[in-house]
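Me: I would like to go through this structure with you. Could you take my questions one topic at a time?

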Amino acid sequence: MLGLYLKNPGEIELKEFSSSSLKEDEVKVKLIYGGICGSDIGVYKGKIGHAAYPIRPGHELLGTIIEAGKESVHQIGTKVVIQPNSFCGECDLCVEGKTNICRHKQSLGVNTDGGFSQEFVISSKYVLPIPREMADERAVLIEPLAVIVHAFKKAAITKGTSVAVVGCGTEGMLAIALAHYLGAEITAIDINEKKLEKAQRSWGITPARPQDIKDETFDVVIEAAGVKSSVEQAVDITRPGGSVVLVGLTPEANLPVVKIVRNELTLYGSIIYHFPDDFLQTLHYLKQDGFKVEPIISDIIPYQEYKRAYEAAVSGEYGKIILDFKEESHS
Ligand SMILES: [Zn+2]
Ligand SMILES: [Zn+2]
């Protein structure tokens with residue numbers, strides 16, 4: 001079985017792996033699509049402190065169960081997506097339902113082997129069946145979209161809420177897509193004019209470069225750039241009484257504490273999602289025809305051309321790049 005293998009930062013290759021046997025609660029999944037995520041790029045570039053090498057990358061995974069252990073709750077032939085962050089279920093945070101910040105969390109493709117391979121094995125507790133009729137190109141977006149669904153639970157976004165999305169990478173674009181579906185008035189901020197144009201064309205947002213925002217403020221600001229200046233701007237453009245939801249990861253930023261206190265701003269950190277709740281909510285959105293996500297995916301590339309796919313993803317010029325593991329595409 002072939003899979004990607006990241007020996008050290010920057011050293012990626014396609015390698016033969018031996019197929020592992022199943023524990024009773026595990027399933028073997030034959031991959032259909034794997035989405036390349038910002039964190040895959042971080043691991044590839046050696047920029048994630050807790051990453052372990054060598055590692056098989058990949059955590060945005062859609063596939064079909066081809067083998068199931070005796071205790072698996074899911075059957076062979078079921079199409080599934082993966083929840084790629086393990087949780088112990090026993091620590092104080094898990095007991096409180098905060099499995100996303102479990103004290104013993106491990107993340108596929110970051111500090112434990114991921115799923116960019118023809119097949120991989122995982123505990124059946126981390127798979128979610130998806131309806132047969134859902135297009136693979138929508139289903140593969142469940143994991144990255146669940147990050148946004150979770151973030152949106154922090155601050156109320158409904159019809160007419162003024163929302164600024166700072167950063168138009170994949171997570172930013174997904175935030176725009178969801179805010180659009182919920183009827184918000186959206187301003188998107190980015191330095192990349194092509195991404196702004198795409199967001200405007202796709203969801204009718206008001207495009208702005210960072211310097212274009214002068215005195216305007218917003219009820220809710222979603223920070224999805226993960227850049228120091230973007231975090232600072234996000235706080236700066238929040239309306240008194242409003243909320244900032246921080247989704248991007250940047251080591252530090254300067255915060256105007258007096259302004260935050262006097263204006264009663266609320267800052268939320270939001271990391272990944274609760275499983276299965278946020279995945280089920282995401283699945284619900286993806287089932288709606290009016291929920292437009294087609295513009296998110298920029299390219300679908302056969303996994304044998306992983307170098308080209310990684311180059312495109314690393315460039316930052318595109319939306320989501322998907323690796324295609326379907327056999328029929330490469331025969
Ligand atoms: Zn991801
Ligand atoms: Zn735990």
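The exchange below covers the overall fold, one helix and some backbone details.

Me: What kind of model is this?
Reply: It is a predicted model.

Me: How many helices and strands does the chain have?
Reply: The chain has 10 helices and 17 strands.

Me: And what box do the C-alpha atoms fill?
Reply: Taken along the principal axes, the box is roughly 60 × 45 × 40 Å.

Me: What does the radius of gyration say about the chain?
Reply: For 331 residues, a compact globule would have a radius of gyration near 20 Å. The chain has 20 Å, so the value agrees with that of a compact globule.

Me: What percentage of the residues is buried?
Reply: Buried residues make up 43% of the 331 residues.

Me: What about contacts between residues 24 or more positions apart?
Reply: Such pairs account for 65% of the contacts in the chain with a separation of 6 or more.

Me: Turning to α4, why is it described as largely enclosed?
Reply: Helix α4 spans residues 142-152, and 11 of its 11 residues are buried, so the helix is largely enclosed by the rest of the structure.

Me: Which residues are those?
Reply: The buried residues of α4 include I142, E143, P144 and H150, as well as F152.

Me: New topic: where are there cis peptide bonds?
Reply: One joins Y53 and P54, with omega about -5°. P54 lies in the loop between α1 (38-45) and β4 (60-68). A cis peptide bond also joins F275 and P276, where omega is about 5°. P276 is placed in the loop between β15 (266-269) and α9 (277-287).

Me: Why remark on these?
Reply: Most peptide bonds are trans, and most residues other than glycine have a negative phi.

Me: Which residue in the loop between α8 and β15 has an unusual phi, then?
Reply: E264, which is not a glycine, has a positive phi of about 45°. This residue lies in the loop between α8 (257-262) and β15.

Me: Is E264 buried or exposed?
Reply: E264 is exposed, because its C-beta has 9 others within 10 Å and the limit for an exposed residue is 12 or fewer.

Me: And what is the phi of I272?
Reply: Phi of I272 is near 35°, a positive value in a residue other than glycine. I272 is found in the loop between β15 and α9.

Me: Buried or exposed, in the case of I272?
Reply: I272 is buried, because 20 other C-beta atoms lie within 10 Å and a residue counts as buried at 20 or more.

Technical notes:
Residues numbered from 1 in each chain as written. Chains lettered and ligands numbered in written order. Predicted model: local features only at pLDDT ≥ 70, side-chain atom pairs only at ≥ 80, totals over all residues. Helix = DSSP H or I, 4+ residues; strand = E, 2+ residues; numbered from the N terminus. Rg over C-alpha atoms; globule rule 2.2 N^0.38 Å. Contact = placed C-beta atoms within 7 Å.
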